[in-house]
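Please take a moment with the sequence and the structure shown below before reading on. The report that comes after is written for a reader who has not met this structure before.

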Amino acid sequence: VFPSLAQAQASVANEVYWELGQPSVFLFCPTEYCSSLCSPSPGQSSYLLTLGRELLPGIGVIWTGPKVVSQELSAMLLEEVEGVLRRRPIIWDNLFANDYDCKRVFLGPYTGRAPGLMPRLCGLLLNPNCELQANFIPFHTLGSWFRSELGSCAHPDHAGMETAAALGDSQGPREGSYSPQEALELALLDWVAEINQRALEPGR
């Protein structure tokens with residue numbers, strides 16, 4: 001019926017979107033949802049170009065970054081994706097996901113995300129560890145990153161800081177900056193406090 005997979009998917013997504021009354025949040029995950037799945041690249045993918053052209057503007061498109069599990073996200077890549085999709089992507093971040101290897105648990109801070117990404121995003125979803133209790137540090141440090149991004153948006157002169165400075169600064173927090181090490185230390189302090197509080201609860 002359809003000349004391509006992208007046109008078929010866009011047609012079905014658009015019809016469901018209309019049938020549901022054009023909800024304010026309607027997310028579409030494409031078959032090519034990261035750079036490594038695109039042929040030959042996101043900017044030259046006929047599949048993504050078709051989706052960008054055919055999907056209704058109110059439909060959000062999910063993107064995971066360069067890979068399914070992306071160690072880094074750059075504003076340059078997001079700008080390319082935004083151009084081809086004709087909308088800012090919603091990042092589905094698999095940095096802490098361990099559903100593909102449940103013998104591993106990821107307890108480090110949120111890191112590898114360049115400063116000034118928020119203006120390039122329509123939203124960000126974090127896919128966490130399968131073990132609920134293991135996600136205190138991922139969620140806590142994501143909150144620290146988000147607050148620093150809000151500071152950068154409020155003060156645009158901070159948005160252009162180099163990635164290395166934002167990811168490795170140990171000089172103490174600056175407004176609109178993010179240090180994974182400092183975020184980790186804050187998360188650990190709060191986690192220990194919560195563990196101690198729970199230990200005092202009756203029955204523990």
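What follows goes through the sheet, two of its strands, two helices, the nonpolar core and the cysteines.

## The sheet

The model is a predicted one, and a useful place to begin is its open sheet of four strands, which has the order β1-β2-β3-β4 with parallel pairing. The edges are taken by β1 and by β4 (123–126), and because each of these has a single partner strand, one side of each is left without a neighbour in the sheet.

Going along the sheet, β1 and β2 are paired in the parallel sense over two bridges, and Leu27 has Gly60 of β2 as its bridge partner. Further on, strand β3 (residues 90–93) runs parallel to β4 and is joined to it by four bridges, while Trp92 stands opposite Leu125 in β4.

## Strands β2 and β3

Strand β2 is covered on both faces, with Gly60 and Ile62 buried on one side and Val61 and Trp63 buried on the other.

In strand β3 the residue to look at is Ile91, which counts as buried because its relative accessibility is 0%. Although 29 residues separate Ile91 from Ile62 in sequence, their C-alpha atoms are 5.8 Å apart in space. Once its neighbours within four places in sequence are left aside, Ile91 is in contact with Trp63, Leu73, Leu78, Leu121, Gly123, Leu124 and Leu125.

## Helices α1 and α2

Helix α2 spans residues 46–54, and its buried residues are Tyr47, Leu48, Thr50, Leu51 and Gly52. These buried residues pack against α1 (5–19), β1 (27–28), β2 (60–63) and α3 (75–85). In general, an α-helix has 3.6 residues a turn, so residues three or four places apart point the same way.

Helix α1 holds Asn14, a residue that is buried, with a relative accessible area of 14%. What does the side chain of Asn14 reach at 3.0 Å? The partner is the backbone nitrogen of Leu56. Beyond its neighbours within four places in sequence, Asn14 is in contact with Glu54, Leu55, Leu56 and Ile59.

## The largest nonpolar core

The largest nonpolar core has 33 residues, of which Leu48, Leu51, Leu55, Trp63 and Tyr110 touch the most other members. Two or more residues are given to this core by each of α1, α2, β2, α3 and α4 (136–154), and α3 gives the most, with five residues.

Where does this core lie with respect to domain 1 and domain 2? Domain 1 (1–94) and domain 2 (97–153 + 177–203) both give residues to the core, so it lies between them.

## The cysteines

How many disulfides does a search of the whole structure find? The search finds zero, and two of the cysteines can be followed in turn. For Cys38, the closest cysteine sulfur is that of Cys34, and the distance of 6.8 Å between the two sulfurs is too far for a bond. For Cys102, which is likewise in no disulfide, the nearest cysteine sulfur belongs to Cys130 and is 4.5 Å away; a disulfide would need the two sulfur atoms to be within 2.5 Å.

Are these cysteines buried or exposed? Cys38 is buried, with a relative accessible area of 8%, whereas Cys102 counts as partly exposed at 48% relative accessibility.

Technical notes
Residues numbered from 1 in each chain as written. Predicted model: local features only at pLDDT ≥ 70, side-chain atom pairs only at ≥ 80, totals over all residues. Heavy atoms only, no water. Buried < 20%, exposed > 50% of the residue type's maximum accessible area, 1.4 Å probe, protein only. Contact = heavy atoms within 4.5 Å. Polar contact = N/O pair within 3.5 Å; in protein donor to acceptor, adjacent residues only side chain to side chain. Pairing = 2+ DSSP bridges. Core = buried A, V, L, I, M, F, W, Y, C linked by side-chain atoms within 4.5 Å. Domains from an automatic or database assignment.
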